[in-house]
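Here are my notes on the side-chain contacts, as promised. Have the viewer open while you go through them.

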Amino acid sequence: MAACVVLVVLMCSAPARAEGGAVEVNSAELLEKWDQYDGREVIFRGEAVGDVMRRGGMAWITVNDDHYSREARLEAGELRGGNSGIAVWLPEEEAAKIGVLGRYGSKGDLVEVRGVFNADCREHGGDLDIHAVSLEVLEPGRRLDAAPDAGKHLAAFLSGLFLL
């Protein structure tokens, strides 16, 4: 009976494995258990944000998997937590699959990257990163209506007039 309980606990606490030995992870797991994932193949999902920085056939992207990766800040309402993302180094042709990057005024593509996690990447000055071999766009991004509404313009104008 005790052996069954131990086996169930171990199975429930083990990271989810996908086909091919890759482990599905999130940024919190990578930061908290970096020593367990270092050098292992991982699958990481989130919003592609910022810029694609091309470097001789390769590229850097940032993939955020925080609350805002699922619901854009302009649409989410109140602030909830901070940003958390992982730097991803991948072939330029994989990065070219990204159609929309997340930033103010846009919700980036939801992507899945597969590659090797490095807690202390010797190639990139000791940074924490994923060296991805593939990127798949799971959900395309979109532009957001970032313009303030007419009521805010009117309020600003009336406040300025009052100050004068």
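Is W89 buried or exposed? W89 is buried: its relative accessible area is 11%, and the cut-off for buried is under 20%. Keep in mind that this is a predicted model.

1. The aromatic pair. The count of aromatic pairs comes to one. W60 and W89 make it up, with 4.9 Å from centre to centre and 50° between the planes, so it goes down as tilted. That label follows because planes under 30 degrees apart count as stacked and those over 60 as edge-to-face, with the rest being tilted.

2. Where those two rings sit. W60 belongs to strand 3 (residues 58-64) and W89 to strand 4 (residues 85-91), so the contact ties together parts that are 29 residues apart in sequence. W60 counts as buried too, at 17% relative accessibility.

3. Salt bridges overall. Searching the whole structure turns up seven salt bridges. Side chains of opposite charge can pair when their charged atoms come close. I'll go through some of the pairs below.

4. R114 with E41. The closest N and O atoms of this salt bridge are 3.6 Å apart. R114 is in strand 6 (residues 110-121) while E41 is in strand 2 (residues 41-55), so the pair ties together parts that are 73 residues apart in sequence. As for exposure, R114 is buried, with a relative accessible area of 16%, whereas E41 is partly exposed at 27%.

5. E47 with K107. Have a look at strand 2 again, this time at E47, whose side chain meets that of K107 in a salt bridge (3.7 Å, N to O). K107 is in strand 5 (residues 106-107), and the pair links distant parts of the chain, 60 residues apart. Both E47 and K107 are buried.

6. K97 with E94. Here the side chains meet in a salt bridge at 2.8 Å, N to O. K97 is partly exposed, its relative accessible area being 42%. E94, on the other hand, is buried, with 13%.

7. A network to check. Which residues do salt bridges with shared partners join into one network? They are E24, R45 and E112.

8. What I'd keep in view. On the aromatic side there is the tilted W60 and W89 pair, with strand 3 and strand 4 tied together by it. On the charged side, R114 and E41 tie strand 6 to strand 2, and E47 and K107 link strand 2 with strand 5.

Methods. Residues are numbered from 1 along each chain as its sequence is written. This is a predicted model: local features need pLDDT of at least 70, side-chain atom pairs count only at pLDDT 80 or more; totals for chains, interfaces and linings use all residues. Side-chain values use heavy atoms; hydrogens and water are left out. Rings of Phe, Tyr and Trp (its six-membered ring) pair if their centres lie within 6.5 Å; planes under 30 degrees apart count as stacked, over 60 as edge-to-face and the rest as tilted. Helices (H or I, at least four residues) and strands (E, at least two) are DSSP runs, numbered from the N terminus. Buried means under 20% relative accessible area, exposed over 50%, partly exposed in between (1.4 Å probe, protein chains only). A salt bridge is a side-chain nitrogen of Lys or Arg within 4 Å of a carboxyl oxygen of Asp or Glu.
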